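Student: I have a structure open on my screen and would like to learn how to read it. Could you walk me through a few features with me?

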Amino acid sequence: MATPRDAEIRKDVQTYYGQVLKKSADFQTNACVTAARPVPQHIREALQNVHEEVSLRYYGCGLVIPECLENCWILDLGSGSGRDCYALSQLVGEKGHVTGIDMTEGQVEVANKYIEYHMEKYGFQAPNVTFIHGYIEKLEEAGIKNESYDIVISNCAINLVPDKQQVLQEVYRVLKHGGELYFSDVYASLELPEEIRTHKVLWGECLGGALYWKDLSILAKKVGFCPPRLVTANFITVQNKELENVIGDCRFVSATFRLFKLPKTGPTQKCQVIYNGGIRGHEKELIFDANFTFKKDEVVEVDEETVAILKNSRFAQDFLIGPDGEKFPTYGAYTALEVKMMVGRHHRFNGHEFEQTPGDSEGQGSLACYSSWDHKESDMTE
């Protein structure tokens with residue numbers, strides 16, 4: 001239940017994003033500035049197709065455009081002026097759909113203003129994007145139904161909500177089984193002191209509501225998600241002496257994670273997988289997270305949790321998954337591609353069946369990817 005303090009924070013954030021900020025250059029930190037990194041050409045082109053006014057009012061801290069999007073239904077939490085939504089609407093195609101929800105009325109108005117512009121630019125017969133004025137911790141009130149989306153994204157918005165567990169619970173509710181939350185947000189190196197948590201500008205700058213980085217794993221487990229898998233992370237700098245004095249020794253990072261919602265089934269075992277190169281923009285390799293990069297036609301051994309994700313998510317059709325606990329058969333000096341051709345989509349070897357379709361196992365393994373960012377606490381506070 002929202003407290004009077006929560007309502008005050010919400011009002012302050014709405015004022016900051018609706019009246020104080022007019023463009024991304026108005027920020028006093030780089031928390032809500034997306035770090036430069038290589039972007040696949042098809043995503044770069046989709047972003048370039050977004051209207052200039054929409055892009056100018058983009059306030060994000062990461063790139064939240066995951067892989068394998070065709071025909072997907074995607075929900076964007078804190079969609080703002082709609083930049084990510086419009087890029088995604090082009091990538092999911094006419095049979096997919098993107099919904100954006102934001103609590104700042106002015107931002108939603110900007111987003112709605114350009115629906116016809118983008119649909120005409122993409123050559124779509126009917127709009128495949130919708131914008132809703134509402135709260136990301138109250139998706140049910142906004143009319144978002146249970147298990148209605150393949151992917152939920154969020155770009156530097158969850159930190160702006162005091163009750164982050166409620167946000168994750170709502171996301172879990174609206175995701176289909178096998179779906180994921182792919183999101184960028186801000187994390188702190190320590191539990192934030194009262195002075196930071198009550199500072200209006202730091203809340204607007206995405207720092208005052210930053211989650212202590214260890215708490216993400218705790219909240220994810222409590223809600224029912226698999227352990228968080230880190231994709232990228234970047235340190236945040238502050239270009240304001242007054243704010244630096246308030247922050248003191250606390251360090252902040254912007255990080256992109258993926259959280260999967262898997263079916264409630266029995267445990268699986270680690271095994272080997274082969275990526276078939278079938279995902280657009282990732283034909284040669286798929287950088288899945290900080291721990292796993294899958295090169296086309298190469299055999300990779302993965303842990304139990306990763307096996308469960310690949311079997312039960314939209315990535316199932318793009319991987320050949322070997323039998324639990326065993327290696328792919330080696331026929332002399334054959335390459336992985338040749339092994340794949342011999343095995344086929346359904347082939348029995350030594351009494352085991354190789355599949356390229358969703359399985360029925362859920363990983364109960366260790367914190368595979370999150371541990372790669374799990375530096376000693378001193379690493380973040382030096």
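Student: How many bridges join strand 9 to strand 12, and which way do the two strands run?

Tutor: Keep in mind that this is a predicted model. Four bridges join strand 9, residues 271-275, to strand 12, and the two run antiparallel. For one concrete pair, look at Val-273, whose bridge partner in strand 12 is Val-300.

Student: What sheet does this pair belong to?

Tutor: An open sheet of three strands, in the order 12-9-13, with antiparallel pairing. Strand 12 (299-302) and strand 13 (319-321) are the edge strands, since each pairs on one side only. From one strand to the next, the twist averages 35°.

Student: Let me try a helix now. Is helix 12 mostly covered or mostly uncovered?

Tutor: Here is the general idea. An α-helix has 3.6 residues a turn, so residues three or four places apart point the same way. In this case, helix 12 spans residues 304-312 and is mostly covered, with eight of its nine residues buried. Among the buried ones are Val-307, Ile-309 and Leu-310, and also the charged-type names you might pause at, Glu-305 and Lys-311.

Student: What caps the N-terminal end of helix 12?

Tutor: Asp-303 does: one of its side-chain oxygens lies 3.0 Å from the backbone nitrogen of Glu-305. Glu-305 itself is one of the buried residues of that helix.

Student: As a biochemist I always check cysteines. How many disulfides are there?

Tutor: A search of the whole structure finds zero. You can still look at where individual cysteines sit. Cys-206 is buried, with a relative accessible area of 0%, and Cys-271 counts as buried because its relative accessibility is 2%, where buried means under 20%.

Student: And charged side chains? How many salt bridges does the structure hold?

Tutor: The general idea is simple. Side chains of opposite charge can pair when their charged atoms come close. This structure holds 13 salt bridges. Try Lys-113 and Glu-53, whose side chains meet at 3.3 Å, N to O. Lys-113 lies in helix 5 (residues 105-113) and Glu-53 in helix 3 (residues 52-56), so this pair ties together parts that are 60 residues apart in sequence.

Student: Are Lys-113 and Glu-53 buried or exposed?

Tutor: Lys-113 counts as exposed, at 54% relative accessibility, because the cut-off for exposed is over 50%. Glu-53, at 25%, counts as partly exposed.

Student: Which parts does the salt bridge between Arg-258 and Glu-180 tie together?

Tutor: Their side chains meet at 2.7 Å, N to O. Arg-258 lies in strand 8 (residues 252-260) and Glu-180 in strand 5 (residues 175-188), so the pair ties together parts 78 residues apart in sequence. Both Arg-258 and Glu-180 are buried.

Student: Where do Arg-229 and Asp-289 lie?

Tutor: Arg-229 is in strand 7 (residues 229-235), while Asp-289 is in the loop between strand 10 (285-287) and strand 11 (293-295), 60 residues apart. Their side chains form a salt bridge too, at 2.9 Å, N to O. Arg-229 counts as buried at 0% relative accessibility, and Asp-289 counts as buried at 2%.

Student: Which residues are joined into one network by salt bridges that share partners?

Tutor: Glu-67, Glu-180, Arg-258 and Arg-314. You have already met two of them, Arg-258 and Glu-180, as a salt-bridged pair.

Notes:
Residues are numbered from 1 along each chain as its sequence is written. This is a predicted model: local features need pLDDT of at least 70, side-chain atom pairs count only at pLDDT 80 or more; totals for chains, interfaces and linings use all residues. Side-chain values use heavy atoms; hydrogens and water are left out. Buried means under 20% relative accessible area, exposed over 50%, partly exposed in between (1.4 Å probe, protein chains only). A polar contact is a pair of N or O atoms within 3.5 Å; within protein, one must be able to donate a hydrogen and the other to accept it, and residues adjacent in sequence count only if both atoms are side-chain atoms. Two strands pair if DSSP finds at least two bridges between them. Axes are lines fitted to C-alpha atoms, for helices over the stretch in contact, and angles run from 0 to 180 degrees between N-to-C directions. A disulfide is a pair of cysteine sulfur atoms within 2.5 Å. A salt bridge is a side-chain nitrogen of Lys or Arg within 4 Å of a carboxyl oxygen of Asp or Glu.
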